[in-house]
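Subject: Handover of a structure and its findings

Dear colleague,

Please find below the structure that I am passing on to you. The findings follow directly after it.

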Amino acid sequence: MGLYTSVMEVLTFYTGLSPAAFFTILAMMVVVYRTVTAMFVSPEDYNKPPVVSARAQSGFDDPEPPRQPVQLGQVTDRELRAYDGSDPNKPLLMAIKGQIYDVSTGRNFYGPGGPYAMFAGKECSRALALLSFKPEDINGNLEGLGESELTILEDWEFKFIEKYPKVGQLIPEQRTLQNELKEQVQDNLENPNECKDETK
Ligand code: HEM
């Protein structure tokens, strides 16, 4: 108790302040110091590179974890259309020269609302060769393309081979046409009175 009293007396003698005033001013100075120093960064910290997560570095803001590409095998144009991004549970696929690529990691390009969403679920060889976004060019028809256009297509193909896993091949639509015919026959058998004329 004696020590406490003499410390307080010394404080009052040297500062001319009451102990309460002295500690209040001291506390305020600490707060001001901490606030001001928090506004500045030390030179060592300033020169350190920013910590960027692997996900941010990849440039994708998709919160879903990356999924393993699933091998599809042989599918038709029509079947490929199911992989246009409208079903978030399905991968995003795109075909070039009959080869199907899983472009799910390029969701920012090909996913719904992306700048190249019109290519998703489609064979796009002609559109890529002609650098065209016209719906009528988004197919695998290479007829009438010149040498330079075929070279452009080849460059795209190389880019896709390097960047995306190949997950299948496109096969002609006949299989589906056969299925359609089967379905029609089945339908007619089930509803003989509703005879549809498909040629109209
Ligand atoms: C004004 C013209 C265009 C501009 C400014 C443009 C810009 C870009 C940019 C900045 C990228 C990203 C490239 C990268 O990841 O390194 C890109 C990718 C792409 N562009 Fe274009 N583009 C244009 C025209 C076209 C056209 C005409 C087509 C085809 C019809 C096309 C098809 C693509 C495709 C498929 C990708 C994505 C490639 C991938 O999956 O990595 N672009 N474009």
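A polar contact is taken here as a pair of N or O atoms within 3.5 Å. By that cut-off, lysine 163 makes a polar contact with the ligand, because a polar atom of its side chain lies 2.6 Å from a ligand oxygen atom. Please bear in mind that the model is a predicted one.

Ligand site

Two tyrosines also have polar side-chain atoms beside the ligand. An N or O atom in the side chain of tyrosine 110 is 2.4 Å from an oxygen atom of the ligand. For tyrosine 116, a polar side-chain atom lies 2.7 Å from a nitrogen atom of the ligand.

Which protein atom serves as donor to the iron atom of the ligand? The single donor from the protein is the OH of Tyr116, 1.9 Å away. Tyrosine 116 belongs to the loop between helix 6 (107-110) and helix 7 (125-130).

The residues around the ligand include the aromatic residues Phe109, Tyr110, Tyr116, Phe119, Phe133, Trp156 and Tyr164. Also among them are Ala127, Leu131 and Ser132, together with Lys159 and Lys163.

Sheet

The model contains an open sheet of four strands, in the order 1-4-3-2 and with mixed pairing. Its edge strands are strand 1 (73-75) and strand 2 (93-96), each of which pairs on one side only. From one strand to the next, the twist averages 35 degrees.

In which sense do strand 1 and strand 4 pair? Strand 1 and strand 4 (residues 166-170) are parallel, and three bridges connect them. Within this pair, glycine 73 stands opposite glycine 168 of strand 4, and valine 75 stands opposite leucine 170 of strand 4.

Strand 3 and strand 4, by contrast, run antiparallel and are joined by three bridges. Here glutamine 99 stands opposite glutamine 169 of strand 4. As general background, strands of a sheet pair through backbone hydrogen bonds, in either the parallel or the antiparallel sense.

Helix on the sheet

Helix 8 (residues 147-163) packs on the sheet and touches strand 2 and strand 3 (99-102). The direction of helix 8 makes about 140 degrees with that of strand 2.

Yours sincerely

Terms used: Residues are numbered from 1 along each chain as its sequence is written. This is a predicted model: local features need pLDDT of at least 70, side-chain atom pairs count only at pLDDT 80 or more; totals for chains, interfaces and linings use all residues. Side-chain values use heavy atoms; hydrogens and water are left out. Two strands pair if DSSP finds at least two bridges between them. Helices (H or I, at least four residues) and strands (E, at least two) are DSSP runs, numbered from the N terminus. Axes are lines fitted to C-alpha atoms, for helices over the stretch in contact, and angles run from 0 to 180 degrees between N-to-C directions. Contact means heavy atoms within 4.5 Å. Donors are N, O and S atoms within 2.8 Å of the metal (3.2 Å for Na, K and Ca); water is not among the atoms, so sites may look incomplete. A residue is near a molecule or strand if one of its heavy atoms lies within 4 Å of it. A polar contact is a pair of N or O atoms within 3.5 Å; within protein, one must be able to donate a hydrogen and the other to accept it, and residues adjacent in sequence count only if both atoms are side-chain atoms.
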